Amino acid sequence: MQWIQSILGSIGVKAAALFTILGDEMVVILIMGFLYWCYDKEIGKSLGQIAVVGLVVNPILKNIVMRRRPYFDNPGVKCLKPVHAEADIYDIYAQGYSFPSTHSTNAAIVYGGVPLFIKKKILWVIGISMALLIGLSRVALGVHYPTDVLFGWLTGILEIILMTALYKKVKRRWIANMIIFLIAAIGIFFCETEDFYNALGVMGGFYIAIEFEDRFVNFENVDKVWKCILRLLGGFMIYLVLNFILKKFFNIICVSYPMFDDISRFFRYFIVTFSMLGVYPLLFKKLKI
């Protein structure tokens with residue numbers, strides 16, 4: 001890792017930072033939003049069901065293994081892009097543990113999962129390349145050991161295989177999702193980092209949203225570019241505004257009652273996810289977009 005960082009140079013650091021951004025929350029939201037709101041909502045739901053499991057499994061594993069990030073214990077390794085730039089880079093609660101790499105798992109599931117549903121050879125090339133580059137960027141930036149990345153890729157691949165097999169056998173999706181959520185919630189008793197509560201909120205919001213959409217919304221996908229752009233822009237704005245408002249609101253509460261910090265994180269991500277996937281599509285028919 002020290003050797004990689006020694007040969008990166010300023011351009012290499014910028015390139016690694018760019019590739020790692022492609023595995024960040026915002027980019028994943030845009031990709032999943034395109035699939036769900038525009039291209040094929042059933043593919044979006046199917047891939048989303050796999051992705052939310054990956055989001056929760058990783059912090060659970062991290063809090064079991066409790067491996068500190070490379071730069072914590074190796075002075076020769078620099079943290080070139082922390083998980084949360086506004087927090088202390090040595091704050092475990094904010095920066096999270098190292099093993100396995102969530103970016104690598106996300107990349108394996110999202111970029112590797114898309115070609116499974118949209119069967120085009122070029123997507124396989126893009127998907128594998130992106131997963132590799134995102135994983136390697138995490139090592140270059142000093143926030144993950146190579147074994148974190150390797151296990152992150154492996155976790156993502158296993159989750160695709162296992163969850164795909166599960167949903168093929170289970171007829172009532174909501175029952176499977178409820179059981180998965182209850183099992184994941186066990187992490188409340190031992191997880192000490194914020195990423196777990198964020199992910200659990202996303203999982204809960206996603207599961208409720210897709211059932212809500214099935215029963216009360218039932219929107220249709222679009223084949224017109226301008227409508228797709230409007231849907232994506234609208235969803236992105238809702239995410240930014242709602243997340244900002246809820247973050248400010250819950251921060252005010254947590255200043256007086258710090259014990260509610262983890263709970264507030266769960267509800268913030270739950271509300272944002274449910275609003276984007278369940279409530280927001282109600283506007284598609286009303287606004288004819």
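Is Y90 buried or partly exposed? With a relative accessibility of 47%, Y90 counts as partly exposed; here buried means under 20% relative accessible area, exposed over 50%, and partly exposed in between, with a 1.4 Å probe and protein chains only.

Before going further, a word on the model. This is a predicted model, in which local features need pLDDT of at least 70 and side-chain atom pairs count only at pLDDT 80 or more, while totals for chains, interfaces and linings use all residues. Residues are numbered from 1 along each chain as its sequence is written, and side-chain values use heavy atoms, leaving out hydrogens and water.

**Aromatic pairs**

Let us stay with the rings. Rings of Phe, Tyr and Trp (for Trp, the six-membered ring) pair if their centres lie within 6.5 Å; planes under 30 degrees apart count as stacked, over 60 as edge-to-face and the rest as tilted. The whole structure holds 17 aromatic pairs. In one of them, the ring centres of Y36 and F219 are 5.3 Å apart and the planes stand at 75°, so this pair is edge-to-face. Y36 sits in helix α2 and F219 in the loop between α10 and α11, 183 residues apart; helices are DSSP runs (H or I, at least four residues), numbered from the N terminus. Y36 and F219 are both buried. Y71 and Y90 also pair edge-to-face, at 5.7 Å centre to centre and 65° between the planes. Y71, at 4% relative accessibility, counts as buried.

Y36, W37, F219, Y280 and F284 form one aromatic cluster. Leaving aside residues up to four places away in sequence, W37 touches F219, N221, R231, L232, G235, M276, L277, Y280, P281 and F284, where contact means heavy atoms within 4.5 Å.

**Nonpolar cores**

W37 turns up again in the core. A nonpolar core is a set of buried Ala, Val, Leu, Ile, Met, Phe, Trp, Tyr and Cys residues joined through side-chain atoms within 4.5 Å. The largest one has 54 residues, and those with the most contacts inside it are L35, W37, V56, I180, F196, M203 and Y207. Helix α10 gives the largest share of this core, 11 residues. A second, separate core of 10 residues includes A107, A131, I134 and W153.

**Salt bridges**

A salt bridge is a side-chain nitrogen of Lys or Arg within 4 Å of a carboxyl oxygen of Asp or Glu. By this rule there are 9 salt bridges, including these:

| Salt bridge | Closest N to O |
|---|---|
| E213 with K41 | 2.8 Å |
| R67 with D148 | 2.6 Å |
| R265 with E194 | 2.9 Å |

E213 lies in helix α10 (residues 194–217) and K41 in helix α3 (residues 41–65), so their bridge ties together parts that are 172 residues apart in sequence. E213 is buried at 0% relative accessibility, and K41 is buried at 8%. For the second bridge, R67 is partly exposed at 29%, whereas D148 is buried at 0%. In the third, R265 is buried with a relative accessible area of 15%, and E194 is buried at 6%. Salt bridges that share partners join K41, E42, K45, R173, E211, E213 and D214 into one network.

**A nonpolar patch**

On the surface, I64, V65, I179, I183, I186, I188, F189 and F190 make a nonpolar patch of about 810 Å². Such a patch is made of residues with over 30% relative accessible area and no salt bridge, with nonpolar side chains (Val, Leu, Ile, Met, Phe, Trp, Tyr) joined within 5 Å. I186 is in the loop between α9 and α10 and counts as partly exposed at 46% relative accessibility.

Methods
Helices (H or I, at least four residues) and strands (E, at least two) are DSSP runs, numbered from the N terminus. Patches are made of residues with over 30% relative accessible area and no salt bridge: like charges are joined within 9 Å, nonpolar side chains (Val, Leu, Ile, Met, Phe, Trp, Tyr) within 5 Å. Accessible areas come from the Shrake-Rupley method with a 1.4 Å probe; for residues, only the protein chains shown count as cover.
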